[in-house]
Amino acid sequence: MTKPKEPFDPSAAARSISSLDDIDTEIARLALLCQVRILDPGVVERVVRNDASVCGTDNPVAFEKLHGLLALHFGVRDSMADAHGQALASRLEQQVIDRLRARFPTLAAEWPPAAR
């Protein structure tokens, strides 16, 4: 487990959470546009490897943005871990993921979504 390099700063942690939340909200939106089941095991890794076969629809522009934002997400997360420690960074990231699941329930749904 990494230890923080700086003393804990609640306002810096809040900014990190806000940044991660903004990035992840856009990741969720792009995943929905591309019909990528981003919450399924292994899917994030495939997007990071630029494997567009995870898409349910062809949208190269949105997929490229999704790929780039995932890289940005991991960069922000690594910065959080460096500044605040791995344990806190993992907890904060899980909070963001939980909020995304609540806001975007179709991220974990079957594609295409069932007709009502």
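In what order do the elements of the protein run from the N terminus on? Well, they go α-α-α-α. So that's four helices and zero strands, and that's the picture to keep in your head while I talk.

Before we go any further, a word of caution: this is a predicted model. The mean pLDDT of the protein is 82, and 82% of its residues reach 70 or more. If you go element by element, confidence is highest in helix α2, residues 43-48, with a mean of 92. Confidence is lowest in α4, where the mean is 80.

Now, the overall picture. There are 116 residues in the protein, and 37% of them are buried. Then look at who touches whom. Take the contacts with a separation of 6 or more: residues 24 or more positions apart account for 67% of those. Okay, let's look at some examples.

Let's start with Ile 27, which sits in helix α1, residues 10-34. Is Ile 27 buried or exposed? Its relative accessibility is 6%, and the limit for buried is under 20%, so Ile 27 counts as buried. Who does Ile 27 touch, once we leave aside its neighbours within four places in sequence? The answer is Ile 38, Leu 66, Leu 69, Leu 70 and His 73. And here's another pair to find on your screen: Ile 27 and Leu 100 are 73 residues apart in sequence, yet C-alpha to C-alpha they're 9.8 Å apart in space.

Staying in helix α1, have a look at Asp 22. This one has 51% relative accessibility, and the cut-off for exposed is over 50%, so Asp 22 counts as exposed. Asp 22 and Val 96 are 74 residues apart in sequence, with 9.5 Å between them in space, C-alpha to C-alpha.

Next up is His 73, one of the residues that Ile 27 touches. His 73 is in helix α3, and it's buried, with a relative accessible area of 7%. Not counting residues up to four places away in sequence, His 73 touches Leu 20, Ile 23, Asp 24, Ile 27 and Glu 93. Hang on to Glu 93, please, because we're about to meet that residue again in the contact between α3 and α4.

So how do α3 and α4 meet? Helix α3 covers residues 60-84 and helix α4 covers residues 86-103. Their axes come within 7 Å and cross at roughly 140 degrees. Why do we call α3 oblique to α4? Because angles over 145 count as roughly antiparallel and 65 to 115 as roughly perpendicular, the crossing at roughly 140 degrees makes α3 oblique to α4. The crossing is also right-handed.

Which residues make that contact? On the α3 side, you've got His 73, Arg 77, Met 80, Ala 81 and His 84. On the α4 side, there's Gln 86, Leu 88, Ala 89, Ser 90, Leu 92 and Glu 93. Sorted by class, the contact of α3 with α4 has five nonpolar, four polar and two charged residues.

Okay, on to the loops. Gln 35 is in the loop between α1 and α2. Gln 35 has a phi near 55 degrees, which is a positive value in a residue other than glycine. With 25% relative accessibility, Gln 35 counts as partly exposed.

The loop between α2 and α3 holds Asn 50. Asn 50 isn't a glycine either, and it has a positive phi of about 70 degrees. Asn 50 is partly exposed, with a relative accessible area of 41%.

Asp 58 also lies in the loop between α2 and α3, and this one is exposed, at a relative accessible area of 72%. Asp 58 takes us back to Gln 35: they're 23 residues apart along the chain, and their C-alpha atoms are separated by 9.0 Å.

Last stop: Leu 107, in the segment after α4. Leu 107 is buried, with a relative accessible area of 2%. Here's Gln 35 once more: Leu 107 and Gln 35 are 72 residues apart in sequence and 8.4 Å apart in space, C-alpha to C-alpha. What is Leu 107 in contact with, leaving aside its neighbours within four places in sequence? Ala 28, Ala 31, Leu 32, Arg 37, Ile 38 and Leu 39. You've heard Ile 38 before, by the way, as a contact of Ile 27.

That's it from me, thanks for listening!

Definitions and conventions: Residues are numbered from 1 along each chain as its sequence is written. This is a predicted model: local features need pLDDT of at least 70, side-chain atom pairs count only at pLDDT 80 or more; totals for chains, interfaces and linings use all residues. Side-chain values use heavy atoms; hydrogens and water are left out. Axes are lines fitted to C-alpha atoms, for helices over the stretch in contact, and angles run from 0 to 180 degrees between N-to-C directions. Helices (H or I, at least four residues) and strands (E, at least two) are DSSP runs, numbered from the N terminus. Angles under 35 degrees count as roughly parallel, over 145 as roughly antiparallel, 65 to 115 as roughly perpendicular and the rest as oblique. A crossing is left-handed if the near helix is turned anticlockwise from the far one by less than a right angle, and right-handed if clockwise. Contact means heavy atoms within 4.5 Å. Ala, Val, Leu, Ile, Met, Phe, Trp, Tyr, Cys and Pro count as nonpolar, Asp, Glu, Lys and Arg as charged, and the others, Gly among them, as polar. Buried means under 20% relative accessible area, exposed over 50%, partly exposed in between (1.4 Å probe, protein chains only). pLDDT is the predictor's confidence in each residue, from 0 to 100.
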